[in-house]
Every structure is written in C-alpha cells, then in structure tokens.
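Here is a run of questions about why the terms apply. Each reply sets a value against its definition.

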Amino acid sequence: MATEVKLPRLGQGMEAGTIVKWLKAEGDRVERGDPLYELDTEKVTQEVEAEASGVLLKIAVQSGEVPVGQTVAVIGEAGEAVPDPGGARHRDERVTPASKEAKSSGSEVAVAGARHHDRSGASRQQANGGRIKASPLARRIARERGIDLGGLSGTGPDGRIVAEDVERAQAAPAAPAALPAGDVESIPLTTVRRTIARRLTAAWEVPVFELVVSADMTRANALVARARELDPDVRVTVTDVLAKLAALALVRHPEVNVQFADDAILRFPRANIGIAAAAPQGLVVPVVHGADELSLTELATRRAEVIGRARENRLRQEDIDGGTFTISNLGMYGVEQFVAVLNPPQAAILAVGATQDRAVVVDGDVVVRPMLTLTLTVDHRAVDGAPAADFLRTLKSFLEEPGLAL
Amino acid sequence: MPELSYREAVRDTLAAAMRADDDVFVMGEDIAEMGGSMGVTQGLFDEFGPERVRNTPISEMAIVGAGIGAAMQGMRPVVEIMYEDFLTLSMEQLVNQAAKHRYMSGGQLKVPLTIRTQGGAGWSPGAQHAQQLEAWFVHVPGLKVAFPSTPADARGILWSAIYDDNPVIVFEHRLLYPIKEQVPEKIEPIPLGKARIVQEGTDVTVIAIGPLVHRSVAAAKEAAEDGISVEIVDPRTLQPLDVETLVASVKKTNRAVVAHEAVTRGGFGAEVAAVLQAEAFDWLDAPIERVGAKFAPLAFAPAMEQFVIPQPADVLAAIRKTVGRGD
C-alpha cells in the first residue's frame with residue numbers, strides 16, 4: 001500500500017513551505033526516519049524525514065512553495081501503481097486566517113489552520129486539476145513579463161486565460177516597467193522576506209502604545225562583568241541580563257505575558273523570550289524558552305546556541321516557536337532609542353538602545369551615570385497602559401537593583 | 001487579361017504544354033473524342049490527334065502504370081483519373097511504384113508523371129463519386145500533392161506539375177470547374193510549395209484548401225460584420241507544404257482554423273494543426289479549430305449531402321470559437 005507523503009505542518013501557524021531540494025531520488029530505497037527533502041518554512045530550512053519505509057515511487061513536487069497537507073511524494077513498494085497525487089492536491093484546509101493566526105504561538109494553544117498563500121489561484125487550480133488554464137500565447141507573455149498567471153482570471157472559453165487577460169494585467173501596475181533599466185535591481189522575495197513582510201504588515205494593524213523609560217545600568221553592568229569573571233567560557237551580555245530580568249518581571253506581571261486572540265486573552269505561565277537577530281537571510285527571532293527558570297549562564301548558553309544557528313541559517317522550527325515576549329537590542333549600533341514593531345501574535349516587544357554615560361540628577365546633584373533607554377511597544381487590545389507601565393517600572397528597578405529580582 | 005473558367009484554365013494549360021513540348025501527352029478514360037466526362041479535355045483531340053490524346057481501357061491501375069512507364073522513358077505524361085474515388089484502384093502503382101522508383105534507383109530514374117483527378121460533393125454524386133482523399137497521398141514520401149482552388153492557380157500549378165521531375169497528383173474539384181476569373185495572358189508557373197494569402201486579416205487565420213477557400217471567404221465576410229478580421233491562406237500544394245507562410249500568418253493572428261471538404265478525422269487539417277502547434281505554440285491564443293466533413297459516407301440525398309459537408313456557417317462557427325465568441 002503506497003503512502004502519500006504530505007507536506008507536514010512543522011509549526012503552529014505554518015501555512016506552506018518551500019521545497020528546496022530532494023535528498024532522495026525517485027526509485028531510491030528509503031527507511032522511516034531518513035532525511036527525505038529540505039524544506040524552507042517561514043524562517044528556517046530543515047530536513048524532513050520519511051514517515052514510511054519503502055521505495056520513493058514518485059516525487060510530485062520537485063521544488064517550490066506547497067501548501068500544508070499537499071502530497072509531495074509517494075512511498076510504496078517497487079513496481080506498485082502510484083496513486084494520482086493530483087487527486088489529493090489542494091485539499092482545502094482554509095480557515096479564517098486572521099483569527100487563527102493570532103493563536104499561532106504559545107505551547108498550549110490549539111493548532112491553527114492552514115491557509116493558501118494565494119487563494120484565488122489555488123481554488124482555480126483545484127478546479128482544473130492543479131493546472132491553470134491559459135493559452136500558450138498568454139503563458140509566453142506572462143513568462144516574458146514576469147506576471148503570475150495564478151492571480152489572473154480568464155475571459156476565454158471555460159475561463160481560459162488568453163493573451164488579452166495578461167495584457168490587461170500588465171497594464172494595471174505600470175510603475176516597475178517605467179524604471180530605467182540598469183539602475184534598479186529587482187531582488188526576488190525569499191520565503192523569509194515574504195514572512196517578514198506579511199507578519200509586520202499584520203502587526204501594523206494592531207493598535208499599540210509605546211512607553212519609554214531609562215534605567216541606570218551601573219549595577220547591571222557590574223553584574224555582567226562579574227559573571228564574565230566567574231565563568232569566562234560563557235560570555236554573558238547585557239542582552240542576557242535584560243532577557244533574564246524581563247522574564248522575571250513578566251512572571252510577576254502575567255497580565256503582560258499574553259496574546260490577543262479574537263475571543264480570549266491567552267495568558268502564558270512561562271516567559272519565552274525571543275531575541276531579534278540579524279541573520280544573513282534576514283530578521284529572525286530565535287526564542288529562549290523558560291527564561292524565567294534558567295540561570296544567567298544557562299540563559300547565555302542557550303542564547304548563544306540559537307543565535308549561532310540563526311547566523312548559520314540552521315534554525316529549527318522549535319527554535320522560533322512559542323515566544324511570548326521579544327527583545328530587540330540595537331544598542332551595539334549606537335542607536336540611543338527606538339520604537340520596535342510588534343512581533344505578532346505577541347503582545348509586547350522591548351526596544352533596547354545603547355548604554356550611554358549621561359548627566360542625571362541624583363539626590364539634587366548632577367552626576368554621570370550609564371543610562372539605558374527602553375521602549376516598550378504594547379498591543380492595546382490585550383494590555384492596558386497601567387499594567388504595562390507597572391511591568392516596565394519593575395523591569396527598571398530590576399536593572400538598577402538586580403537583587404530585587406531574587 | 002483573358003477570363004477563364006477553372007475547366008478552361010486546366011484545358012488551356014494542357015494545350016499550351018503540348019504545343020510547347022512533344023514529350024507531353026494526355027491519357028485517360030473517354031478523354032479523347034468525348035473530351036472527358038467533366039469536359040476538361042474538349043478540343044484537345046482535334047488539335048493534337050489520337051497519338052497524344054489517348055483513350056484508355058477502364059483500368060486505373062493500367063492508366064497510372066502506363067504513365068509511370070512513359071515517364072521513366074523520358075515523356076511527361078498527364079493522366080486523368082475520372083473520379084478521385086478511383087485512385088483507390090491505382091494505389092499500388094502510385095504508392096509502391098511512382099513514389100519509389102527515383103529513390104530505389106538512386107536517382108537514375110525519374111518519374112515526371114502528372115495525375116489529374118477530380119472529386120467533391122455538392123451535386124449528389126453519392127458515396128462513391130465525391131470523396132476527398134488528398135490526405136492519403138500526403139502520407140506517401142515520393143509523391144507531390146496539389147489542390148488549386150482558382151483558375152489562375154490551376155494554370156500555374158498544373159504547369160509546374162507537368163515540368164516537375166517527380167510524380168504529382170493534382171486534385172480538381174467538380175464544383176470549381178465553372179468558377180471564372182481573370183488570368184494572366186501568359187501562363188505564369190506557380191512553384192509547388194508556395195501558399196497564397198487569399199485575404200489579409202488580423203484576428204484569425206483560416207487555412208483552407210479547394211472549395212473551402214471560397215466558403216471561408218464567405219464566412220470571413222460575415223465575421224467582418226462582427227468585427228472579426230479573418231486572414232485566409234490557401235496552401236495550394238499540400239506536399240511540399242509552405243510551412244513558413246502558414247506559421248508567419250498564425251504568429252500574426254494568434255489563432256487558426258483549418259478547413260477542407262474531406263472528412264475531418266485524419267484529414268489534411270490534422271497535419272497542418274500539428275505543424276502549427278509545433279512551430280507556433282507560444283503564439284497560439286486558442287486551440288486550433290478543424291472544419292471538415294462529418295465522419296460519414298457521403299449521402300446521396302441533397303439535403304443530407306449538404307448536412308455532411310462543411311458549409312460557410314461551419315467555418316464561421318470555428319472562427320467565432322477561436323476568438324472566444326462562440327455560442
């Protein structure tokens with residue numbers, strides 16, 4: 001009995017993945033657990049293992065983006081008839097995308113539904129057995145002008161896309177064509193870039209407010225220095241201290257460690273701290289899970305591991321799943337303060353600037369202190385101003401007097 | 001410029017060739033004193049006599065076989081098969097002999113034989129006297145096949161056929177014989193393998209042969225009233241085929257209809273459609289439509305005969321379908 005290999009949902013909220021390459025060829029013997037193909041999901045590339053043993057009878061999708069649940073290959077016995085994967089193609093698992101996506105992070109949250117990245121194209125393809133109906137001329141014009149036929153509707157017989165339809169589609173956005181050739185480089189979107197664009201656009205629809213506070217980092221810096229002295233092998237950073245103290249503050253202010261779902265506020269028992277990192281493929285946010293329960297050196301070690309994997313583009317799905325709060329630190333670039341865009345579905349993100357010696361007034365005297373400016377962006381649907389301010393006050397006090405966190 | 005009927009144009013060409021060249025002679029059933037059952041060879045017997053205008057027994061195999069022999073001996077015979085339905089009786093000579101000798105002798109022998117024949121429906125000749133069998137011969141390497149649709153083309157093509165060193169079958173159509181047009185004073189040979197653009201258009205190319213050229217012109221007039229601009233191309237020779245002209249036209253209009261009176265299935269139009277999809281695939285904006293007779297023996301009853309063979313309305317329907325305005 002042949003087994004259809006379907007694109008797995010490797011993370012909550014995963015809608016589609018891009019098959020990068022196959023590690024086995026048609027006709028190869030595969031054992032359950034063997035790496036079968038490389039899959040590029042929203043922010044990670046990983047190997048997907050075979051779920052059955054047998055012979056790889058057919059690769060239905062060599063490469064490219066595939067919705068979750070679509071058959072990408074068939075494993076069976078040698079000589080066995082291959083079921084038509086087209087028949088099972090595009091099984092429609094559509095759900096209301098906005099509502100489910102809001103739940104897509106957090107350990108005890110129900111599994112979110114899949115969504116086709118291009119619903120109009122997908123439904124038409126489904127009606128035609130997976131192939132878009134277009135005349136050869138229409139296909140050639142689309143190919144030459146880089147127009148995606150999936151987004152067009154045909155006016156020819158039986159809904160066939162004819163040349164005129166493509167011409168019309170071309171006529172609409174004339175801007176790119178008008179740019180002088182040679183001056184403008186068109187860089188195709190990677191899966192990561194596409195995800196960043198989609199998620200941040202979604203974030204822009206969230207009503208947020210921002211709170212700004214400055215903390216005297218004298219004692220926090222001393223803590224970092226002492227930690228490095230005690231354990232030179234683990235290079236503890238200000239970010240680690242921030243992550244640890246933010247995690248402890250979140251546990252004390254559970255009303256901030258939340259996510260907004262359409263019909264509920266999801267409150268998380270542990271603080272999973274995402275750390276925004278610049279990786280070669282773009283912005284990624286690896287997560288240190290249970291940061292509230294880790295020691296500072298444990299946290300620093302975990303942080304170094306996941307950031308390392310991010311830099312090498314080897315992140316695993318679990319490395320980016322389940323964050324409840326994000327820290328974005330641009331202090332090392334000398335940025336004094338900034339406002340971060342929310343990382344949905346999380347309700348809060350902390351933007352961290354550079355620690356600078358500033359003149360401050362202490363007990364009536366002007367003194368110089370290493371000051372750090374923090375900006376907290378908060379989803380107002382889930383958190384009101386007072387609890388957010390209370391959380392930030394706690395965090396400030398922890399930074400200025402780390403002993404208070406004990 | 002003289003005005004000639006299609007029938008007169010064929011006769012004029014035969015006479016001109018016989019006057020110009022002693023090697024040219026004609027042979028067939030009842031073609032001498034009677035002038036042929038369609039009257040094409042009337043008057044030739046009086047001018048050229050029984051040596052060069054020869055009646056034959058009723059044996060198509062013998063007619064073509066004798067023609068082959070004479071051709072290999074250096075003559076340029078033009079033999080007439082009264083109805084193309086009877087080409088079936090000469091198949092062995094045409095397919096296994098005429099088409100093969102030049103190849104099998106390594107070029108030492110030539111077969112400059114012309115086979116004239118006629119067919120076609122529209123006058124109730126019944127199932128055995130009106131078939132259109134041109135596609136069969138396009139399938140045989142070594143034969144050339146022509147099907148002129150106008151008096152001027154009939155002259156120029158028949159002349160080229162007579163002077164071609166290979167066997168050429170020239171199909172004439174019974175209903176085209178009375179068609180008249182102005183023709184050049186002097187016969188202008190038309191190279192075999194050169195198509196003619198009957199009328200220019202921009203929206204769809206109709207590739208038609210024989211009587212369907214005229215029915216397509218009628219259909220194009222109606223299409224024009226609908227704002228559809230039709231280009232009509234007559235290949236004139238089916239083998240060799242002027243692929244270049246056909247493909248250029250389809251690349252211009254992006255749509256194609258093929259039309260002939262022969263049965264659609266396995267017809268010459270299928271060959272043209274295959275050539276077009278291979279050569280102009282990326283220029284096609286619609287599937288190629290085929291127009292031809294229904295897959296049925298030709299009916300004797302006039303109304304049923306008209307039902308079986310393609311009419312201008314069928315061409316028009318195909319044109320409308322390619323431009324996406326079918327019913």
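Q: What makes two residues a contact, and across which strands of chain B does helix α7 lie?
A: Two residues are in contact if their C-beta atoms, placed from the backbone, lie within 7 Å. Helix α7 (residues 151-162) of chain B lies across β2 (24-28), β4 (76-81), β5, β6 (144-146) and β7 of chain B. It runs at about 155° to β7(B). Axes are lines fitted to C-alpha atoms, for helices over the stretch in contact, and angles run from 0 to 180 degrees between N-to-C directions.

Q: What kind of model is this, and how are its parts numbered?
A: The model is predicted: local features need pLDDT of at least 70, side-chain atom pairs count only at pLDDT 80 or more, and totals for chains, interfaces and linings use all residues. Residues are numbered from 1 along each chain as its sequence is written, while chains are lettered from A and ligands numbered from 1 in the order in which they are written.

Q: What counts as a helix or a strand, and how many are in each chain?
A: Helices (H or I, at least four residues) and strands (E, at least two) are DSSP runs, numbered from the N terminus. Chain A has 12 helices and 19 strands. Chain B has 12 helices and 14 strands.

Q: Why are β3 and β12 of chain B said to stand at the edges?
A: Two strands pair if DSSP finds at least two bridges between them. The open sheet has seven strands, in the order β3-β2-β4-β5-β7-β6-β12 (chain B), with mixed pairing. β3 (53-55) and β12 (237-239) of chain B each have a single partner strand, so one side of each lacks a neighbour in the sheet. Neighbouring strands of this sheet are turned by 20° against each other on average, direction ignored.

Q: How do you know that β5 and β7 of chain B pair?
A: The definition asks for at least two bridges. Strand β5 (residues 114-119) and strand β7 (residues 168-173) of chain B share six, in the parallel sense. B:Thr114 stands opposite B:Val168 in β7(B).

Q: What makes β10 of chain B mostly covered?
A: A residue is buried if 20 or more other C-beta atoms lie within 10 Å of its own, exposed if 12 or fewer, and partly exposed in between; C-beta atoms are placed from the backbone. Five of the five residues of β10 (residues 204-208) of chain B are buried. B:Val204, B:Val206 and B:Ala208 are on one side, with B:Thr205 and B:Ile207 on the other. β10(B) also pairs with β11 (residues 230-234) of chain B, in the parallel sense over four bridges. There B:Ile207 stands opposite B:Val233.

Q: What share of each chain is buried?
A: In chain A, 40% of the 406 residues are buried. In chain B, 52% of the 327 residues are buried.

Q: What makes a set of residues a nonpolar core?
A: Its members are buried Ala, Val, Leu, Ile, Met, Phe, Trp, Tyr and Cys residues joined through C-beta atoms within 7 Å. The largest such core has 111 residues. Among those touching the most other members are A:Ala138, B:Val206 and B:Val315. The largest share, seven residues, comes from α7(B). Another core, of 63 residues, lies apart; A:Val44 and A:Leu315 are among them.

Q: How many residues of the two chains are in contact?
A: Nine residues of chain A are in contact with nine of chain B. Helix α4 (residues 136-145) of chain A gives the most to the chain A side, with four residues.
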